[in-house]
Structure formats: C-alpha cells, structure tokens
Amino acid sequence: MRRLRPAACVAIWATLLVAGCANGTATITGTLVGADGGCLYVRGPDVNGTDLYWLRHLPSNYVANAEGLGTPDGSPIRIGDSVTVSGALSWEPFERQCAGGHTLDATAIR
C-alpha cells in the first residue's frame with residue numbers, strides 16, 4: 001500500500017497540472033493592437049475594463065505585418081480595426097516573448 005501512495009500523489013499532481021493548463025475556446029471581439037516588436041493582440045472588453053489577448057498562432061494564410069494582418073483574400077486588417085477572433089485559449093507559463101493577459105491560438109478571424 002505504501003508504494004501506491006507516492007504513485008497516487010504523482011498521478012493526482014499531474015492531473016491537476018494538466019487541468020490547470022487545459023485549453024478552452026473563446027470568441028473575442030475587440031481592437032487589433034500591436035506591441036512588443038511585432039506581437040499582435042486583441043484588446044477586448046472585460047468586466048473591469050479591457051482584457052488583452054495575445055494572438056500566438058494565426059490561421060493559415062494570414063500573415064502578420066507592421067500594419068496588422070494580411071488576409072487570404074488580400075484585404076488588410078489594420079492595427080486599430082475591430083476584429084472577431086475565435087480559437088483556443090491556453091496558458092503559457094514559460095512564454096516571455098509576447099506576454100499578455102491571455103494567449104489565443106486563433107482558428108478564425110473576421
């Protein structure tokens with residue numbers, strides 16, 4: 001029985017760690033903003049003002065540039081434009097390049 005206890009503790013700890021880092025999905029409507037030398041964010045409304053969502057990954061055929069985003073059909077989305085972004089929320093504790101309130105792996109942008 002004593003050998004099972006450490007294994008059980010490790011299993012419980014791993015489950016809690018994975019649950020704490022689990023992804024959820026979200027659709028955010030807000031303003032496209034750029035900062036930190038090329039990182040893109042969406043500043044969306046929050047109960048206490050505004051929340052910042054770092055767009056860590058973009059959908060295929062979207063290209064980040066100094067002005068904002070290039071879309072698959074060639075129309076630009078500029079910094080300051082209103083956008084709706086859907087994707088997976090994730091928690092990246094060791095990512096320092098583009099820190100934000102939330103990390104969003106975008107699957108769709110409108």
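**A guided look at strands, loops and one salt bridge**

Visitor: Over how many bridges do β4 and β5 pair?
Guide: The structure shown is a predicted model. Strands of a sheet pair through backbone hydrogen bonds, either parallel or antiparallel. Within this pair, N65 stands opposite G68 in β5. β4 and β5 pair in the antiparallel sense, and the number of bridges is three.

Visitor: Which strands stand at the edges of the open sheet that has the order β4-β5-β6?
Guide: This open sheet has three strands with antiparallel pairing. A strand at the edge has a single partner strand, so one side of it is left without a neighbour in the sheet. The strands in this position are β4 and β6.

Visitor: By how many degrees are neighbouring strands of this sheet turned against each other on average?
Guide: The strands concerned follow the order β4-β5-β6. With direction ignored, the average turn between neighbours in this sheet is 25 degrees.

Visitor: How many helices and strands does the chain have, and in which order do they run?
Guide: The chain has one helix and eight strands. Read from the N terminus on, the elements run α-β-β-β-β-β-β-β-β.

Visitor: Is T71 buried or exposed?
Guide: T71 is placed in the loop between β5 (68-70) and β6 (76-78). Residues that T71 touches, leaving aside those up to four places away in sequence, are N61, Y62 and I77. The relative accessible area of T71 is 12%, and the cut-off is under 20%, so T71 counts as buried.

Visitor: Which residue offers a backbone oxygen to the side chain of T71?
Guide: The side chain of T71 has a polar contact of 2.6 Å with the side chain of D73. The side chain of T71 also reaches a backbone oxygen at 2.5 Å, and that oxygen belongs to S75.

Visitor: What is the phi of N61?
Guide: N61, one of the residues that T71 touches, lies in the loop between β3 and β4 (63-65). At 57% relative accessibility, N61 counts as exposed. N61 is not a glycine, yet its phi is positive, at about 75 degrees.

Visitor: Which residue forms a salt bridge with R56?
Guide: A search of the whole structure finds one salt bridge. R56 lies in strand β3 (residues 49-57) and its partner in strand β8 (residues 102-109), so the pair ties together parts that are 49 residues apart in sequence. The closest N and O atoms are 2.6 Å apart, and the partner of R56 is D105.

Visitor: Which residue of this salt bridge is buried?
Guide: R56 has a relative accessibility of 23% and therefore counts as partly exposed. The other residue has a relative accessible area of 14%, and the cut-off for buried is under 20%, so the buried residue is D105.

Visitor: How far apart in space are Q97 and C39, C-alpha to C-alpha?
Guide: Q97 lies in the loop between β7 (82-90) and β8. Q97 is exposed, with a relative accessible area of 60%. In sequence, Q97 and C39 are 58 residues apart, while their C-alpha to C-alpha distance in space is 8.3 Å.

Visitor: What share of the residues in the chain is buried?
Guide: The accessible surface of the chain comes to about 7,200 Å², of which 57% belongs to carbon and sulfur atoms. Among contacts between residues at least 6 apart in sequence, 53% join residues at least 24 apart. Of the 110 residues in the chain, the buried share is 29%.

Methods:
Residues numbered from 1 in each chain as written. Predicted model: local features only at pLDDT ≥ 70, side-chain atom pairs only at ≥ 80, totals over all residues. Heavy atoms only, no water. Helix = DSSP H or I, 4+ residues; strand = E, 2+ residues; numbered from the N terminus. Buried < 20%, exposed > 50% of the residue type's maximum accessible area, 1.4 Å probe, protein only. Polar contact = N/O pair within 3.5 Å; in protein donor to acceptor, adjacent residues only side chain to side chain. Contact = heavy atoms within 4.5 Å. Salt bridge = Lys/Arg side-chain N within 4 Å of Asp/Glu carboxyl O. Areas by Shrake-Rupley, 256 points an atom, 1.4 Å probe, with all protein chains shown as cover. Pairing = 2+ DSSP bridges. Axes fitted to C-alpha atoms, helices over the stretch in contact; angles between N-to-C directions.
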